[in-house]
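Me: Could you take me through one part of this model closely, and then set it in its surroundings? I'd like a connected account rather than a list.

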Amino acid sequence: MSETQTIPAIEMRGVNVAAMRDASFTVLADVNWSVAAGEFWVIAGQEQSGKSDLLMLAAGLMPPAGGDCQILGSDPKNFGESELAERLRVGFVFQGGHLFNQLTIAENIALPLRYAQNLTAAEAAGEVATLLELMELTPLANVTPANVAANWRQRAALARSLILQPEVLLLDNPLTGLGARHRQWWLRFLDLLSCGYAQLGGQPLTLVVTADDLRPWQHERRKYALLHDKKFLPLGGWNEVEASGDPIVKELLAGLVETTI
Amino acid sequence: MRGNLAKAFELANSEKFRRAPLPKSYTDFLGRKLFLFLLTVQGLGAFALITLGVILKKSGVAENVIRPRIRQEITRAGVALLPMFLFVALALGFLVIGQTVSALEKVGAVSYLGSTMVIVVVRELGPLLAAMLVLARVGTAHVIELGTARALGEVEALEALGIDPVHYLIVPRVIGMALGIFSLTIYLIIGALASGYLFAFLQDVALKPGDYFKQIAEALGWLDFALLALKTIAFGFFIAIVTCYHGLAQPLRLEDVSRVAVRAVTQGVIVCVLIDAVFIVLYLVT
């Protein structure tokens, strides 16, 4: 077993997570979590439970408010300009995509690679074309994000994060707002990435996704955790999720939405 | 409630109230405004220093991405505004310079024409007018674009992808605007001086074109060229800093963007006037 496989992709010990918008507000306290290389985690929780904040921290985009955090063996507190390559081993797909509205879909996908390796548009075109084809986005390559449906924007955001060939991919609510056909595509594609997609190098990716509905994510190979009441609660595999007596888990499994109607 | 308002209105207009010392709430208000002003100055200063640091530190980083963006910004803040500046130069020449030439001729002071033109157009009106027009036309677009990008999470996306937002979003705008205002001011001055003479010529002012331009050339010193370049580049740099600061430096929601755009333009005008005042002092000292 190589050294990179023995180092956990993400390791958190007693970590406190602050809110992105207000660093003085703690959304999760005392998080103990270890993600081994190649694992596929589903982090479930209701709205405002701290899913996005936890992912931002796991991506090294914000420091922990307390505790010890290691990302691929490095402390995110030390992520500066010179450790950028280290941080970019972790990819991030935002909920809704967060594409750059002034650029076309192809330019969006090319930008991280062009910036990191100082490439011209022509030099990056080959890799962009491969990803556009994989994501079925080729006909939309020269369209700006505002003129593309949310389903395709989300795929473009996935392509944009994959162009830097990350080892760990964090996806914030990737299925939110997608049509049924696109949901199926995402679930299948993420499984391929998790197993090692030949057209993207064949290296199995470590995946962490957040979800506010557990039902589409049922799989015996995945691991599950719940965020609730400022706590991180590891649930185990799908069997444990189904057997859980936690009312929040039951709600996330039933897809129930609290309503006053 | 209405009764209270009426009473307050009556009180505010009474002689007794006018002579009374300011209530504590006014001092609170002024103090708060002063404190906010100092915070803004601090924020703008820090942002300007960060931007300068990034310009110097990352001059060779991702050139194939940043250089096309700088060219794009120079086009936007310079080349694309040429037709508008041509129109303004003609208007400025006709309205101000032509009349000045004509008036000087009436009082027999045509020999002062060169120095008057240099002071009015080259030192003051040209650079300031160019800065105001670029602020209105491009500066507002900067705030809205960056504010929207910030509100839609594009800045976080840049950071997640390892792209420095200041390097990618701010540096091209700052360089583009500084070079844009410098070039446009030159065109504006040349256009205004030429159209001014044209207007005076149409009014039968007894001044040959050769004499007119000779007087202006004699009135211009090397300091005028140096300070004109410095002043216009300073205008461009600080307008870009103010507009980009308000668009990018603080977390925004979409509904905040229009309010922030108004504030940025107001502060941009104030900054231009302050820079102008500094250069007036420089002219007087030198």
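The part I have in mind is helix H4 of chain A.

Reply: Happy to. A word on conventions first: residues are numbered from 1 along each chain as its sequence is written, while chains are lettered from A and ligands numbered from 1 in the order in which they are written. This is a predicted model, in which local features need pLDDT of at least 70, side-chain atom pairs count only at pLDDT 80 or more, and totals for chains, interfaces and linings use all residues.

Helix H4 of chain A covers residues 105–117, 13 residues in all. Helices here are DSSP runs of H or I with at least four residues, strands are runs of E with at least two, and both are numbered from the N terminus. From first C-alpha to last, H4(A) reaches 19 Å, close to the 18 Å expected; the expected span is 1.5 Å times one less than the number of residues. Even so, H4(A) bends by about 40 degrees at A:Leu111, the bend being the angle between axes fitted to the seven residues ending there and the seven starting there. A proline, A:Pro112, follows within four residues of that bend. After the helix comes A:Asn118, with a positive phi near 50 degrees.

How much of H4(A) is covered? Mostly: ten of its 13 residues are buried. Buried means that 20 or more other C-beta atoms lie within 10 Å of the residue's own, exposed means 12 or fewer, and partly exposed is in between, with C-beta atoms placed from the backbone. Both A:Leu111 and A:Pro112 are among the buried residues, as are A:Asn108 and A:Arg114. The rest of that set is A:Ile105, A:Ala106, A:Ile109, A:Ala110, A:Leu113 and A:Tyr115.

Those buried residues pack against partners in two chains: helix H5 (121–134) and helix H6 (150–162) of chain A, together with helix H4 (63–77) of chain B. That last partner leads to the interface, where 17 residues of chain A are in contact with 15 residues of chain B; contact means C-beta atoms, placed from the backbone, within 7 Å. On the chain A side, helix H3 (84–87) and H4 each supply at least two residues, and H4(A) gives the most, with four. By class, this side has eleven nonpolar, three polar and three charged residues. (Ala, Val, Leu, Ile, Met, Phe, Trp, Tyr, Cys and Pro count as nonpolar, Asp, Glu, Lys and Arg as charged, and the others, Gly among them, as polar.)

Within chain A, the assignment gives domain 1 (3–89 + 166–254) and domain 2 (101–165); these bounds come from an automatic or database domain assignment. Their centres, taken over C-alpha atoms, are 24 Å apart. Eleven residues of domain 1 and ten residues of domain 2 make the contact between them. The domain 1 side of that contact has six nonpolar, five polar and no charged residues.

Elsewhere in chain A, two further residues have a positive phi without being glycine. Phi is near 55 degrees at A:Asp30, which sits in strand E2 (residues 26–35). A:Asp30 is partly exposed because 16 other C-beta atoms lie within 10 Å. Phi is near 65 degrees at A:Gln48, in the loop between strand E3 (40–45) and helix H2 (51–58). A:Gln48 has 11 C-beta neighbours inside 10 Å, so it counts as exposed. For background, most residues other than glycine have a negative phi.

How far can you trust all this? pLDDT is the predictor's confidence in each residue, from 0 to 100. Chain A averages 89, with 95% of the residues scoring at least 70, and chain B has a mean of 86, with 92% reaching 70 or more. Among the elements of chain B, H4(B) has the highest mean pLDDT, 95, and helix H1 (residues 2–13) the lowest, 42. In chain B, pLDDT is below 50 over residues 1–15, a stretch with two contacts beyond near neighbours in sequence. In chain A, pLDDT stays under 50 over residues 257–261, which have zero contacts beyond four places in sequence. Where pLDDT is low, the predicted coordinates should not be read in detail. For the complex, the predictor gives an ipTM of 0.88 and a pTM of 0.85.
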